Amino acid sequence: MQGNESTRLVCSILAMDQSCFSYKVCRFCETPVPDDTPAEFICKNRKCAGRRRSSKRLFRLLFSIGTETRVMNVVAFDRAAQVIFGCSAQEFFDFSILHPCAVKIASKVLVGELLKVTLNTPKRGKAEHLRMTNIVPMSSDFEPVIETLRKVDWMYVLDLVK
């Protein structure tokens with residue numbers, strides 16, 4: 001794919017990077033901020049004009065996907081990722097604080113999921129992965145990740161981890 005091309009294809013999720021599923025941004029202008037930024041901070045973006053703002057989290061998920069002919073690494077940002085997670089990144093982050101194995105289990109739940117996706121080339125030249133900008137689960141019994149995780153017996157999981 002070259003330039004601003006987009007491609008629609010059917011693929012299967014092979015893996016999800018568990019190391020970093022979200023990033024922190026200014027709630028008003030969505031400018032990325034460091035993870036150690038306090039809940040309220042002075043945003044330096046021109047749109048915020050140095051006002052005190054709060055932060056929120058957005059999804060940034062790195063997947064390995066497979067088609068009939070190839071395997072590739074792609075990234076899904078917030079709007080697209082919410083389709084398969086069924087919640088906001090902030091809600092999933094808060095859930096994963098209460099349930100430390102949630103990201104690992106989410107990754108396992110998604111492996112093998114068949115999706116119809118739209119892939120776009122990155123708008124910025126320095127980005128290395130194609131973007132999944134539209135995600136449609138192909139399975140009629142697809143359940144968003146958060147719904148699956150809410151059904152998990154967490155006491156049982158914690159016993160397994162020990």
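This report walks through the fold, the strands, the cores, a pocket and a few single residues of one protein model.

## Ground rules

The model is predicted, so local features need pLDDT of at least 70 and side-chain atom pairs count only at pLDDT 80 or more, while totals for chains, interfaces and linings use all residues. Numbering runs from 1 along each chain as its sequence is written, and side-chain values use heavy atoms, with hydrogens and water left out.

## Overall layout

The protein has five helices and seven strands. Both kinds of element are DSSP runs numbered from the N terminus: helices are H or I with at least four residues, strands are E with at least two. Going along the sequence, the order reads β-β-β-β-β-α-α-α-β-β-α-α. The C-alpha trace spans about 50 × 50 × 25 Å along its principal axes.

Of the 162 residues, 41% are buried. Here, buried means under 20% relative accessible area, exposed means over 50%, and partly exposed is in between, using a 1.4 Å probe and protein chains only. As for contacts (heavy atoms within 4.5 Å), take the ones between residues at least 6 apart in sequence: 65% of them join residues at least 24 apart.

## Strand 4 and its partners

Which strands pair with strand 4? Strand 1 (residues 6–16) does, antiparallel, over four bridges; for strand 2 (residues 22–26) the pairing is also antiparallel, with five bridges. Strand 3 (residues 40–42) adds an antiparallel pairing of three bridges, and strand 5 (residues 71–77) an antiparallel one of seven. Two strands count as paired if DSSP finds at least two bridges between them. A hairpin of four residues links strand 4 to strand 5.

Some individual bridge partners help you find your way around. Met16 is matched with Phe63 in strand 4, and Ser22 with Phe59 in strand 4. Phe41 sits opposite Arg53 in strand 4, while Ile65 faces Met72 in strand 5.

## Two nonpolar cores

Nonpolar side chains tend to be buried together in soluble globular proteins. The largest nonpolar core here has 36 residues, and Phe63, Phe85, Phe92 and Leu119 touch the most other members. A core of this kind is a set of buried Ala, Val, Leu, Ile, Met, Phe, Trp, Tyr and Cys residues joined through side-chain atoms within 4.5 Å. Helix 3 (residues 102–110) gives the largest share of this core, five residues. There is also a second, separate core of six residues, among them Cys26, Cys29, Phe41 and Cys48.

What does Phe63 touch, once residues up to four places away in sequence are set aside? The list is Ile13, Ala15, Met16, Met72, Asn73, Val74, Ala76, Ile84, Leu110 and Met132.

## The largest pocket

The largest pocket holds about 690 Å³ of space. A pocket is found on a 1 Å grid over the protein atoms alone, as an open set of points where a 1.4 Å probe fits, with protein on both sides within 12 Å along at least five of seven lines; lining residues have an atom within 4 Å of a point. Grid points are joined across faces, edges and corners, and the volume is the space filled by probe spheres set on the points.

The lining has 17 residues, and Tyr23, Phe77, Lys123, Arg124 and Arg131 lie nearest the centre of the pocket. Strand 4 (52–66), helix 1 (78–85) and strand 7 (130–137) are the elements that give two or more residues to this lining. By type, the lining splits into seven nonpolar, three polar and seven charged residues. Ala, Val, Leu, Ile, Met, Phe, Trp, Tyr, Cys and Pro count as nonpolar, Asp, Glu, Lys and Arg as charged, and the others, Gly among them, as polar.

## Residues to click on

Most residues other than glycine have a negative phi. Glu30 has a positive phi near 60 degrees; Glu30 is in the loop between strand 2 and strand 3 and is partly exposed, at 40% relative accessible area. Ala49 also has a positive phi, about 50 degrees. Ala49 belongs to the loop between strand 3 and strand 4 and is exposed, at 54%.

Over in helix 3, is Ala102 buried or exposed? Ala102 is buried, with a relative accessible area of 0%. The C-alpha atoms of Ala102 and Arg150 are separated by 9.8 Å, with their positions 48 residues apart along the chain. Ser107, also in helix 3, is buried at 5%. Leaving out neighbours within four places in sequence, Ser107 is in contact with Met16 and Gln18.
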